[in-house]
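Work through the exercises below with the sequence and the model side by side. Try each task before you read its solution.

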Amino acid sequence: MKSRTDNTRLKGVPGRYWHFLDDGRIQCDLCPRYCKLREGQRGLCFVRGRQDDRMLLTTYGRSSGFCIDPIEKKPLNHFLPGTPVLSFGTAGCNLTCKFCQNWEISTARQMDRLMDRASPEQIVEAAIAAGARSIAYTYNDPVIFLEYAVDVARIARERGLKNVAVTAGYIGREAREEFFHWMDAANIDLKAFTEDFYHRLCTGHLKDVLETLEYVRHETGTWLELTTLLIPGKNDGHDEVSALSDWVAERLGPQVPLHFSAFHPDNQMQATPSTPRQTLTAARDIATKAGLWFIYTGNVHDRPGQSTYCPGCHTCVIGRDWYDITSWALTPEGRCEACGSPIGGVFEAQPGTWGNTRMPLRISAA
Ligand code: SF4
């Protein structure tokens, strides 16, 4: 993938994770693309580029919008259920997924998409004023705006808020240590379970994502959930779903929640049909047989597929209807009320009551 030269001077804040190569180019080490840039060139993500012999992040302090969402929409089903989260993103992405459902943001080349300007302090203040319990770095991949996300996250933590990353997990080894240090929870896409899929549809590598998942699960305190968007004919075959589920069970453990969500025609894949509900249900059955404890369906109305069941006695411990919590049978310690089995996650004595509401927020004028 070629880097691009921009005729205009890049403006932004200094970016981290890069070094000079012997041939005079700069290599960005933030993600496994390792873009190699000459003066004036931008990386594939478009928002990072070289100016005056250093890397700049050009989207610091600029957002594509702010919204208060239910935490279940991220999706996170085991992290402060029922609570509101302030969500925001910027522009650009370090993967090129043909099926992207946020493509207007992720492929944004014009910064006019970045309507809202907000400092880290303003974002945290807005989250507190709105009653949010956490801030989500989402819509486009927060890896590419790491410096902005970390500055917000640092202040958020000081002020008693949690931080949530929604990411594809395509991040370099050194950078991931800093990034996940600040994240209390993450939903990471496991987009498929073949290198061929990542190569053809995302121009990325599965192995790098698997490495991130093992790192987050075993070497950080970040609560981890996974999402796989099942696309008809691309990654929804029995053998692939089975291999993916087996890997999660063996390498991450059965307590890591896995969300199978439905594809809808989008971006460069308008001709591919929506995922039938039966495909999601079948995937859930396969993952159950693989030994996973918490498997969810997403982007469809499916109360049983969106509720949480105790792995010990199969009691429904959290009932859901879309993002509404309809029943709650957890002890204040996060155990099943019926049998006492621990349900992994971050729980409080009672769930929040935010429900399905989606509330756009304007933090400051452009
Ligand atoms: S973050 Fe990734 S895509 Fe962006 S410049 Fe760095 S290596 Fe390239």
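**Exercise 1. Find how strands E10 and E11 pair, then place them in their sheet.**

Solution. Strand E10 covers residues 65-70 and strand E11 covers residues 84-89. Six bridges join them, and they run antiparallel. Strands pair if DSSP finds at least two bridges between them. Strands (E, at least two residues) and helices (H or I, at least four) are DSSP runs, numbered from the N terminus. One register point: Asp-69 faces Val-85 of E11.

Before going on, note the ground rules. Residue numbers start from 1 along each chain as its sequence is written. The model is predicted: local features need pLDDT of at least 70, side-chain atom pairs count only at pLDDT 80 or more, and totals for chains, interfaces and linings use all residues.

Now widen the view. E10 and E11 belong to an open sheet of nine strands with mixed pairing, ordered E18-E17-E16-E15-E14-E13-E11-E10-E22. E18 (295-298) and E22 (359-361) stand at the edges with a single partner strand each, so one side of each has no neighbour in the sheet. From one strand to the next, the twist averages 25°.

**Exercise 2. Which strands does H2 touch, and what angle does its direction make with that of E11?**

Solution. H2 packs on the sheet and touches E10, E11, E13 (134-137) and E22. Its direction makes about 150° with that of E11. Axes are lines fitted to C-alpha atoms, for helices over the stretch in contact; angles run from 0 to 180 degrees between N-to-C directions. Contact means that C-beta atoms, placed from the backbone, lie within 7 Å.

**Exercise 3. Describe the packing of H2 on H3.**

Solution. Start with the geometry. H2 (residues 120-129) and H3 (residues 146-158) pack at about 45°, their axes 9 Å apart. That makes H2 oblique to H3. Angles under 35 degrees count as roughly parallel, over 145 as roughly antiparallel, 65 to 115 as roughly perpendicular, and the rest as oblique.

Next, list the contact. H2 supplies Pro-120, Glu-121, Ile-123, Val-124 and Ala-127. H3 supplies Asp-151, Val-152, Ile-155 and Ala-156.

**Exercise 4. Trace the hairpins around E20.**

Solution. Two bridges join E19 (residues 308-309) to E20 (residues 316-321), and these strands run antiparallel. Tyr-309 stands opposite Cys-316. Six residues lie between the strands, and His-314 takes a positive phi near 70°.

Continue to E21 (residues 324-328). E20 and E21 pair antiparallel over four bridges. Asp-321 has Asp-324 as its bridge partner. This hairpin has two residues between its strands, and Trp-322 in the turn has a positive phi of about 55°.

Definitions and conventions
Two residues are in contact if their C-beta atoms, placed from the backbone, lie within 7 Å.
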